[in-house]
Amino acid sequence: MKEQIVVKGRLERRKESKWWYGVYSIDKTRYAKNLRVEIRGTPPSETEEHGSVHFEKSKSEAESELRNLLKSINSDKSAEEIAQAVHQARTGGRRVKVYKLSELPDLWINMPRNKPVSDLHRQTTLAWIEGFISYCSEHWPNITKLDHLSNDHARQYMQHQEERGISPRTWNAILGALKAACKRGQCTAFNDLRQKQSETVHRVPYSPEELKAIFDVAKSDVLLYPLVVTAACTAMRRGDCCKLKWTSVDLDEGFITVSTSKTGRRVDIPIADMFRDAISHELNNGSEFVFPALAAQYDRNAKVLTDRLRKVLAKIGYYSDDYVPLRELDDIESSDLIRMAEVYFSSVPTENKRENARRMLIAYLGGLSLCKAATAVGISKATGSAYLNEIERATGLAFIRGKKIPVSEQKTSRLGDVHLERKNGLRRASVRDFHSFRTTWITLALCSGIPFELVQQVTGHATAEIVLEHYFKPQRAQLKAALEKSMPSLLTAGNVNPVDRLPDLLRSMSSTNWCEIRDEALDILGCS
């Protein structure tokens with residue numbers, strides 16, 4: 001049976017208008033409709049009950065129009081039909097579209113945007129929206145349309161997310177996605193919820209020694225190396241490095257000019273010698289991108305690049321507790337590896353998976369590619385890859401993708417973590433990754449005395465606060481060296497190595513003081 005709702009209204013005059021308005025409320029929402037009846041004559045004063053004859057006549061006409069409007073709205077309609085009638089009254093006849101809850105993903109996908117979203121962002125956001133739809137189906141099966149959602153439903157769902165233990169940043173992202181999608185469907189259920197204050201875990205910059213070690217190890221990875229060099233030399237974000245176009249590069253002037261993907265700010269970045277060398281290998285590559293392989297991989301799956309960098313970081317000593325460095329090896333007989341993998345096979349709980357994993361390993365070691373081996377076994381490429389990686393971890397032997405590594409039983413000594421635990425959140429925070437190159441560039445530049453304004457010009461940051469709060473993170477040794485280099489000797493006396501003064505001392509030499517400068521330099525060198 002339909003729920004009947006009776007809408008009541010009244011007349012209203014407005015100071016800036018010559019028309020009578022009809023005012024009414026539905027579900028505590030106030031609506032006003034221009035009745036198209038002109039106010040005529042003289043309205044009553046504060047001490048009078050009635051106005052002039054012409055005024056009272058126009059008022060009667062307006063009351064008649066209001067009665068007709070309310071009659072149209074109330075004529076045996078349900079709450080949904082009344083909402084439609086109100087919308088039609090306000091918009092001159094257009095009906096409001098009522099969206100189904102299942103249409104929420106399409107509403108988000110079809111939102112107008114300044115730039116296309118990445119595949120990863122699309123997949124993640126749609127997974128959040130689908131999760132909300134599933135939650136509604138389980139807890140409120142009668143809710144099938146967006147206009148059925150209330151603020152209480154939205155609060156309960158976001159409370160559920162908080163109880164899962166996700167970080168405030170993820171909570172905010174889920175709220176933003178649901179709020180935007182619902183708004184496209186004319187649903188305001190999430191509008192009253194406010195973002196949480198998120199916990200910021202800053203990236204740790206690499207030291208110059210660590211940068212050199214990263215470059216040395218990454219050279220063997222032809223895909224990763226140009227990305228590492230570009231990130232370190234330009235302070236650009238990973239996506240901007242991967243999608244750098246030739247139209248942005250001016251080798252003659254020695255600059256690249258780009259609009260950053262995140263802020264859209266136009267920045268000019270000098271081309272460092274190391275970066276120029278990386279670009280030179282890509283000249284005349286026939287692509288609009290400087291590094292076409294990186295651009296393609298970034299569009300296909302950017303996580304692959306992150307995984308490759310983490311392997312490089314692990315080799316120089318930065319990895320988390322859950323990372324186990326693989327034992328290095330020379331050639332190994334396939335039969336020996338299969339025998340060692342029996343430990344893994346015996347731990348597999350189901351016979352079907354155990355047999356498929358064994359057949360996958362045999363086919364792969366027999367010379368088939370990952371894709372062909374998986375096809376021969378009758379499993380997907382992703383499942384086959386997962387089996388091989390599990391076997392590699394279980395045996396501690398690196399055999400995937402033709403690894404041939406010199407024998408060394410010593411593991412890399414651990415220098416630090418790539419992740420840190422959050423106070424709140426299911427996932428750990430990354431502190432050493434691609435964005436650390438950006439933090440490193442800014443930190444080294446400021447510590448070297450480059451003016452703050454020039455650093456902002458390169459990075460594209462709008463305010464000094466952003467740079468200082470999120471990016472300028474000197475380590476103690478860097479800060480000490482920068483102060484000793486830049487501060488007056490009066491403030492750093494006793495802490496400066498005398499030999500470090502020689503370049504400035506020799507530059508001050510002239511025809512009138514050369515004897516004194518020579519003697520002082522010899523004293524410093526202990527040759528007097």
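These legends accompany several close-up views of a predicted model.

**View 1. Helices H7 and H12 pack at an oblique angle.** Let's begin with helix H7, residues 208–218, and helix H12, residues 303–316, whose axes lie 9 Å apart at an angle of about 120°. Angles of 65 to 115 degrees count as roughly perpendicular and those over 145 as roughly antiparallel, so H7 is oblique to H12. The crossing in which H7 passes H12 is right-handed. On the H7 side you will find Glu210, Ala213, Ile214, Val217 and Ala218, and these meet Val312, Leu313, Lys315 and Ile316 of H12. Sorted by class, the residues of this contact are seven nonpolar, no polar and two charged.

**View 2. A salt bridge joins Lys212 and Asp216.** Staying with helix H7, this view turns to a pair of side chains within that helix. Side chains of opposite charge can pair when their charged atoms come close. Here the side chains of Lys212 and Asp216 form a salt bridge, with 3.1 Å from N to O. Both residues belong to H7 and sit four residues apart, about one turn of the helix. The structure holds 13 salt bridges.

**View 3. Helices H8 and H12 are roughly perpendicular to each other.** We now return to H12, this time together with helix H8, which spans residues 224–234. Their axes are 11 Å apart and the packing angle is about 85°; H8 and H12 are therefore roughly perpendicular. From H8, the contact takes in Leu224, Leu227 and Val228, while H12 brings Leu305, Arg308, Leu309 and Val312. The contact of H8 with H12 counts six nonpolar residues, no polar ones and one charged. Keep an eye on Val312 of H12: this residue takes part in the contact with H8 and also appears in the contact with H7.

**View 4. Helices H5 and H6 run roughly antiparallel.** Next comes helix H5, residues 151–164, beside helix H6, residues 168–184. Their axes come within 10 Å and cross at roughly 155°, which makes H5 roughly antiparallel to H6. This crossing is right-handed. Tyr157, Met158, Gln161 and Glu162 are the H5 residues of the contact, and their counterparts in H6 are Trp171, Ile174, Leu175 and Leu178. By class, the contact of H5 with H6 divides into six nonpolar, one polar and one charged.

**View 5. Three strands make up an open antiparallel sheet.** To finish, here is a sheet whose strands follow the order E4-E5-E6. Strand E4, residues 249–250, and strand E6, residues 266–270, are the edge strands, each pairing on one side only. Strand E5 covers residues 255–259 and is joined to E6 by five bridges, the two strands running antiparallel. If you would like a landmark, look for Phe255, whose bridge partner in E6 is Pro270.

Note on methods:
Residues are numbered from 1 along each chain as its sequence is written. This is a predicted model: local features need pLDDT of at least 70, side-chain atom pairs count only at pLDDT 80 or more; totals for chains, interfaces and linings use all residues. Side-chain values use heavy atoms; hydrogens and water are left out. Two strands pair if DSSP finds at least two bridges between them. Axes are lines fitted to C-alpha atoms, for helices over the stretch in contact, and angles run from 0 to 180 degrees between N-to-C directions. Angles under 35 degrees count as roughly parallel, over 145 as roughly antiparallel, 65 to 115 as roughly perpendicular and the rest as oblique. A crossing is left-handed if the near helix is turned anticlockwise from the far one by less than a right angle, and right-handed if clockwise. Contact means heavy atoms within 4.5 Å. Ala, Val, Leu, Ile, Met, Phe, Trp, Tyr, Cys and Pro count as nonpolar, Asp, Glu, Lys and Arg as charged, and the others, Gly among them, as polar. A salt bridge is a side-chain nitrogen of Lys or Arg within 4 Å of a carboxyl oxygen of Asp or Glu.
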